[in-house]
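Please look through the structure shown here and follow a step-by-step explanation of how the chain is arranged.

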Amino acid sequence: MAYISFDPLRVVEQFARKMQSISNEFEKGVNMDFGNGFTPRVDINEDSKKVYLTFELPGIKKEDVKITI
């Protein structure tokens with residue numbers, strides 16, 4: 001049985017780098033800032049047309065979340 005190491009933070013960092021690369025092509029900036037060292041858990045899924053990000057934000061109301069791309 002093979003052991004595979006998985007680091008979810010590395011996945012988020014890789015995703016952020018890919019998003020930054022895409023945004024550079026369009027000459028727009030993408031900034032992912034969670035502030036004060038806060039790093040939420042995130043699930044990343046995709047289908048043929050979309051990428052889905054599901055963040056775990058305990059204690060934060062949906063209406064208090066602002067996402068800007």
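Two residues are said to be in contact when heavy atoms of theirs lie within 4.5 Å. On that footing, of the contacts in the chain with a separation of 6 or more, 18% are made by residues 24 or more positions apart. What is shown is a predicted model, and the confidence attached to it deserves a word before the details. The mean pLDDT of the chain is 76, and 74% of its residues reach 70 or more. In the chain, confidence is lowest in helix H1, residues 8–25, where the mean is 77, and it is highest in strand S2, residues 51–56, at 86.

The overall plan can be read off from the N terminus. The chain has one helix and two strands, and from that end its elements follow the order α-β-β. Of the 69 residues of the chain, 9% count as buried. The accessible surface of the chain comes to about 6,800 Å², and carbon and sulfur atoms hold 52% of that surface.

The two strands can be taken next. S1 and S2 pair in the antiparallel sense, and six bridges connect them; the link from S1 to S2 is a hairpin, made through four residues. Particular partners can be picked out along this pairing: Asn 45 has Tyr 52 in S2 as its bridge partner, while Glu 46 stands opposite Val 51, which is also in S2.

Three residues of S1, Arg 41, Val 42 and Asp 43, can now be followed in turn. Arg 41 lies in strand S1, and because its relative accessible area is 62%, it counts as exposed. Leaving aside neighbours within four places in sequence, Arg 41 is in contact with Thr 54, Phe 55 and Glu 56. Arg 41 and Pro 8 are 33 residues apart in sequence, yet their C-alpha atoms are 8.0 Å apart in space.

Val 42 also belongs to strand S1, which spans residues 41–46. Is Val 42 buried or exposed? Its relative accessibility is 18%, and a residue counts as buried under 20%, so Val 42 is buried. With neighbours within four places in sequence again left aside, Val 42 is in contact with Val 12, Leu 53, Thr 54 and Phe 55. One of these partners, Leu 53, is 11 residues away from Val 42 along the chain, and the C-alpha atoms of the two are separated by 6.5 Å.

Asp 43 is likewise a residue of strand S1, and it counts as partly exposed because its relative accessibility is 48%. Beyond neighbours within four places in sequence, the residues in contact with Asp 43 are Tyr 52, Leu 53 and Thr 54. Asp 43 and Val 12 are 31 residues apart in sequence, and from C-alpha to C-alpha they are 9.0 Å apart in space. As background to such a succession of residues, in a regular strand the side chains alternate between the two faces of the sheet.

The last feature to consider is a pocket. Which residues line the second largest pocket? They are Val 11, Gln 14, Phe 15, Lys 18, Met 19, Ile 22, Ile 44, Asn 45, Glu 46 and Val 51, and the space in this pocket comes to about 220 Å³. H1 and S1 each supply at least two residues of the lining, with the largest share, six residues, coming from H1. The lining includes Asn 45 and Glu 46, and these residues have already appeared in the strand pairing, where Asn 45 has Tyr 52 as its bridge partner and Glu 46 stands opposite Val 51. Val 51 itself is among the lining residues too.

Technical notes: Residues numbered from 1 in each chain as written. Predicted model: local features only at pLDDT ≥ 70, side-chain atom pairs only at ≥ 80, totals over all residues. Heavy atoms only, no water. pLDDT = per-residue confidence, 0-100. Buried < 20%, exposed > 50% of the residue type's maximum accessible area, 1.4 Å probe, protein only. Areas by Shrake-Rupley, 256 points an atom, 1.4 Å probe, with all protein chains shown as cover. Pairing = 2+ DSSP bridges. 1 Å grid on protein atoms, 1.4 Å probe; cavity = no way out; pocket = protein on both sides within 12 Å on 5 of 7 lines; lining within 4 Å. Points joined across faces, edges and corners; volume = space filled by probe spheres on them.
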